[in-house]
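Could you open the model in your viewer and keep the selection tool at hand? We will go stop by stop, with something to select at each one.

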Amino acid sequence: MAQFAFYYDNSRCTGCKTCVMACKDYYDSPLGIAYRKVYDIVGGAWNEHGDGSYDTDTFLYHLSLGCQNCTDPACVPVCPTTAMHKDDADQGIVKIDETKCIGCGFCVIACPYNVPQIDREAGHAVKCEACYQRLADGKEPVCVSSCPLRALDYGDIDALRAAHPDATDQIHPMPAGDITHPNVVIKPSPAAAADAAKTGVIANPEEVD
Amino acid sequence: MLELTGEMPLLLFTEFAGISGGAFIALFIGFARGGFTKEELRRIDVWSVLFPILALVAIICAFFHLANPGNAMNVMNTIGRSPLANEILVFGIFFVLSVIYWIIAIAGGLKGAFRVIAAGIVAAAAIVLGVFTGLAYLFPTVPPWDTPWTIIQMLGILFFPGVLTGGYLLTTCGLADNIYEHEPAGWALRIVMTIGAIALILSTCCIFGLGALMPKITSGAVDVVGGAIFPFVMAMVFSIVAWFCGWRALKDNSKRGWGAVAVVCAFFSAYWCRYVFYAMQISIGL
């Protein structure tokens, strides 16, 4: 059975956030709601030598994430109404049934990828749902088609993993993939692949909150 | 200080529900060991309406947290599977039992051993509520919450601020007037309250400590643990003051002012301990 997954080429991503804005524009998301988020990860320092010269090990990379449509999603078992559910009949996309959602926010607490949000205006949780209606019409997800660097793609998880054997499902600060088994394929940039990346911090926490 | 506006309704729900439940534990202990006169029991029955009212206030607070309370009946879909749905069900059972208890009490139906049994049933439901409320917060992806300390903190609220509040009602209705008549109850309440205080203080310390150990992945703008230091200090101060005043009040009715101070401090103790809990909502990921 096909499992939808995003492919994200972290080595191409410039952090322009066109994907974020294209999604917000398409879904008319209100202020504070973003189905896709781009995290700016920074780290390292400038090191002074005694002779007035410096060297640096600073690094920066970006992390664009929608929903990982996890095999064991943390958000689904905590939902008290089954509003949050994994639609195995539709490529395993994790969706929200707005007619059932009470907006309790437990999915927001549980998700380690900061994906669901509560839209209090709409009265329910909202999240990236892989543009499943566009997929049904034979179109691409909006973020994929809008990315100017062609850093985003999508497809069946097994096909993506076969096409990108060196890719991973986790770069810092994402949690380890053995917790929720995210269905995402990421080609890390050199900065994200380096050991020093583990010391990186999110430089735009209020933007992605 | 860390801003937790969004979590305030649930904070108040868990605080008030816990104190309401703990008050019935105090009533059970008092009735089981106390030896009250008919007039004292009548006063207790009238004023114990405050406890179901407090539970009602708790659930009203919880409804303010929901983005769409209109879909609340859908919670029935996951009873037995969803920890939150189970908690809601157990709260409903506790609330209904507390209301039935009070109606029977005010109608004069709580006679003899039935009074103790009735209070015991509601008290047992309250303890179950405390456990299920704690279970609802065991998120594997939130390590500071995913430990038994989460359940112990809820039980601490039942057995410390809750028992203290119920015990204060008993003292104002005569518990500490005739020390030698009521003393077994007084001792039992003081011991239970102390165990509850230890549970609440220790669990809050452990939850805060676990949060402090979590890796910090955001740049300096938001320091979650640093922002929770003030609430943590307030939780400890109010807990210790509440215990001290409560111990004096439950021992000697001439210290009735101490009892009032103890109850107020106990409410603040529960508030700040839950504040620390919600502040430690630190995910393993983003």
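Two strands pair if DSSP finds at least two bridges between them. Keep that in mind for the first stop, and remember throughout that this is a predicted model.

**Stop 1: a three-stranded sheet in chain A**

Select strand S1 of chain A, residues 4-9. How many bridges join S1(A) to S10(A)? There are five, and the two strands run antiparallel. Now add S11(A): four bridges link S1(A) to S11(A), and this pair runs parallel. Together the strands make an open sheet in the order S10-S1-S11, with mixed pairing. S10 (152-156) and S11 (184-187) of chain A stand at the edges with a single partner strand each, so one side of each has no neighbour in the sheet. On average, neighbouring strands here are turned by 20° against each other, ignoring direction.

Next, show side chains and look for the cross-strand partners. A:Phe4 has A:Asp156 of S10(A) as its bridge partner, and A:Phe6 stands opposite A:Tyr154 in S10(A). Towards S11(A), the bridge partner of A:Tyr8 is A:Ile186.

Are the faces of S1(A) covered or open? Both are covered: A:Phe4, A:Phe6 and A:Tyr8 lie on one side, A:Ala5, A:Tyr7 and A:Asp9 lie on the other, and all are buried. In a regular strand the side chains alternate between the two faces of the sheet. Six of the six residues of S1(A) are buried, so the strand is largely enclosed by the rest of the structure.

**Stop 2: a hairpin in chain A**

Move to strands S6 (residues 84-87) and S7 (residues 93-96) of chain A. Four bridges join this antiparallel pair, and A:Met84 has A:Ile96 of S7(A) as its bridge partner. S6(A) and S7(A) form a hairpin with five residues between them. Select A:Gln91 in the turn, where phi is positive, at about 60°. Then colour S7(A) by face: A:Ile93 and A:Lys95 are on one side, A:Val94 and A:Ile96 on the other, and all of them are buried.

**Stop 3: backbone details in the loops of chain A**

Select A:Ala130, in the loop between strand S9 (124-126) and helix H4 (132-136) of chain A. Its phi is near 60°, a positive value in a residue other than glycine. A:Ala130 is buried, with a relative accessible area of 1%.

Go on to A:Arg150, in the loop between helix H5 (142-146) and S10 of chain A. Phi is positive here as well, near 55°, but is A:Arg150 buried or exposed? A:Arg150 is exposed, because its relative accessible area of 55% is over the 50% cut-off.

For the last of these loops, pick A:His172 and A:Pro173: the peptide bond from A:His172 to A:Pro173 is cis, with omega near 10°. A:Pro173 is found in the loop between helix H6 (157-163) and S11 of chain A.

**Stop 4: from chain B across to chain A**

Select B:Asn74, which is in the loop between helix H3 (50-65) and helix H4 (83-106) of chain B. B:Asn74 is buried, with a relative accessible area of 19%. Which residues does B:Asn74 contact, leaving aside its neighbours within four places in sequence? They are A:Pro80, A:Thr81, A:Thr99 and A:Lys100.

**Stop 5: helix packing in chain B**

Show helix H1 (residues 8-33) and helix H5 (residues 113-135) of chain B, whose axes come within 8 Å and cross at roughly 150°. That makes H1(B) roughly antiparallel to H5(B). The crossing is left-handed. Try selecting the contact residues: among them are B:Thr14, B:Gly21 and B:Phe28 of H1(B), and B:Arg115, B:Gly120 and B:Ala126 of H5(B). By type, the residues of this contact divide into 14 nonpolar, four polar and one charged.

Keep H1(B) and bring up H4(B). These helices pack at an angle of about 45°, with their axes 12 Å apart. H1(B) and H4(B) are therefore oblique to each other, and H1(B) passes H4(B) in a left-handed crossing. Residues that meet here include B:Phe13, B:Ser20 and B:Phe24 in H1(B), and B:Glu87, B:Phe91 and B:Tyr101 in H4(B). The contact of H1(B) with H4(B) comprises eight nonpolar, three polar and one charged.

Note on methods:
Residues numbered from 1 in each chain as written. Chains lettered and ligands numbered in written order. Predicted model: local features only at pLDDT ≥ 70, side-chain atom pairs only at ≥ 80, totals over all residues. Heavy atoms only, no water. Axes fitted to C-alpha atoms, helices over the stretch in contact; angles between N-to-C directions. Parallel < 35°, antiparallel > 145°, perpendicular 65-115°, else oblique. Left-handed = near helix turned anticlockwise from the far one by under 90°. Contact = heavy atoms within 4.5 Å. Nonpolar A, V, L, I, M, F, W, Y, C, P; charged D, E, K, R; others polar. Buried < 20%, exposed > 50% of the residue type's maximum accessible area, 1.4 Å probe, protein only.
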